[in-house]
Each structure stands twice: as C-alpha cells, then as structure tokens.
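This briefing introduces one protein structure. It starts with the surface and the overall fold, then turns to a single helix.

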Amino acid sequence: MSAERETRLLMISPSSMLTPDQLVRMVHSFGLTVTVKETCYGCLIEASAETAREVLSRVRERYPNEVFSKVRAYRCSDPVRCRAQHGTRPGYAQLEEEWSLLPRIQHGLEEVEKGAKYVPPAEKKRIPVNDFKKICEAQR
C-alpha cells in the first residue's frame with residue numbers, strides 16, 4: 001500500500017439491518033473511482049486516500065453508528081491473503097472478535113448521542129481483614 005492508495009475495511013455492526021450487498025451498492029452509487037469487494041462482514045474499498053476518506057464520510061452520513069472502518073495493510077484480492085488464491089488468513093480471529101464487539105460500541109455511541117454522560121464508578125473501599133475473614137468463613 002502506498003501513500004496515495006488506501007485499502008479500508010468497512011465492517012457492519014451485527015445489530016445493523018444493513019447487509020454487505022446494500023453497503024457495496026451504496027458505495028458504487030457514489031460514482032467514485034473505487035474498487036469494492038464484498039465480504040461477509042461488509043466490504044473492502046481501495047482507492048486514493050482522499051477518495052477512500054470521502055467514501056467513508058458518505059457512508060457514515062447515512063449509517064453513523066452502524067459501519068466501522070479501519071485501514072487494511074493488503075490490497076483487495078492480494079494473492080497472499082485472498083482465499084480464492086489459497087492465501088492465508090492470519091488475523092481473522094482478531095477481526096471476528098472486533099466484529100462481535102461492534103453492537104456494544106454502536107449502543108454506546110447511540111446513548112452518547114441521546115445525551116448520556118460518563119459516570120465514573122464509585123471509589124472502592126478496602127474491607128477490614130476481620131470482616132473479610134468472616135465472609136470467607138461464612139462461605140464454607
């Protein structure tokens with residue numbers, strides 16, 4: 001990947017009603033010079049860095065808390081990573097874990113938009129040793 005080309009992964013939150021097909025069609029409808037590859041979790045886009053940011057901006061206008069993005073190190077259909085060409089898939093477990101957390105992130109973003117504020121947890125106090133012993137003995 002070079003400074004002028006960028007490959008981005010667009011992941012749809014599992015709690016979204018948006019499908020990868022709809023996302024790909026939307027990206028195509030922008031009429032920009034971009035390579036789009038549909039995936040099971042959303043799509044990959046490849047374009048100039050400026051165009052990739054524009055695509056991301058337009059997608060976020062429509063789905064601000066449902067589509068998440070990160071830069072991908074490999075180009076679309078890179079033979080080293082493409083399963084169709086028997087490439088390997090290192091990092092897929094990490095991607096799957098990130099994908100499973102997206103509904104929580106989506107919910108948090110929606111709550112902040114509604115006006116929710118962060119409330120730090122109350123400070124924890126230490127239990128006296130004798131009280132702790134009583135609790136332990138009661139559990140026997």
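Accessible areas here come from the Shrake-Rupley method with a 1.4 Å probe. The model is predicted. On that basis the protein exposes about 10100 Å², and 53% of this area is supplied by carbon and sulfur atoms.

**Overall fold**
- Four helices and four strands make up the secondary structure of the protein.
- Along the sequence these elements follow the pattern β-α-β-β-α-β-α-α.

**Burial and contacts**
- The protein has 140 residues, of which 31% count as buried.
- Taking the contacts between residues at least 6 apart in sequence, 68% join residues that are at least 24 apart.

**Helix H1**
- Helix H1 spans residues 20-29, and its residues Pro-20, Leu-23, Val-24, Met-26 and Val-27 are buried.
- These buried residues lie on the same side of H1, because they cover an arc of only 160° around the axis.
- Arg-25 and Ser-29, on the other side of H1, are exposed.

**What H1 packs against**
- Strands are among the partners of the buried residues of H1: S1 (5-12), S2 (35-39), S3 (42-48) and S4 (67-72).
- The buried residues of H1 also pack against a helix, H2 (49-62).

**After H1**
- Gly-31 comes just after H1 and takes a positive phi of about 70°.

Note on methods. Residues numbered from 1 in each chain as written. Predicted model: local features only at pLDDT ≥ 70, side-chain atom pairs only at ≥ 80, totals over all residues. Heavy atoms only, no water. Helix = DSSP H or I, 4+ residues; strand = E, 2+ residues; numbered from the N terminus. Buried < 20%, exposed > 50% of the residue type's maximum accessible area, 1.4 Å probe, protein only. Contact = heavy atoms within 4.5 Å. Arc of directions from axis to C-beta.
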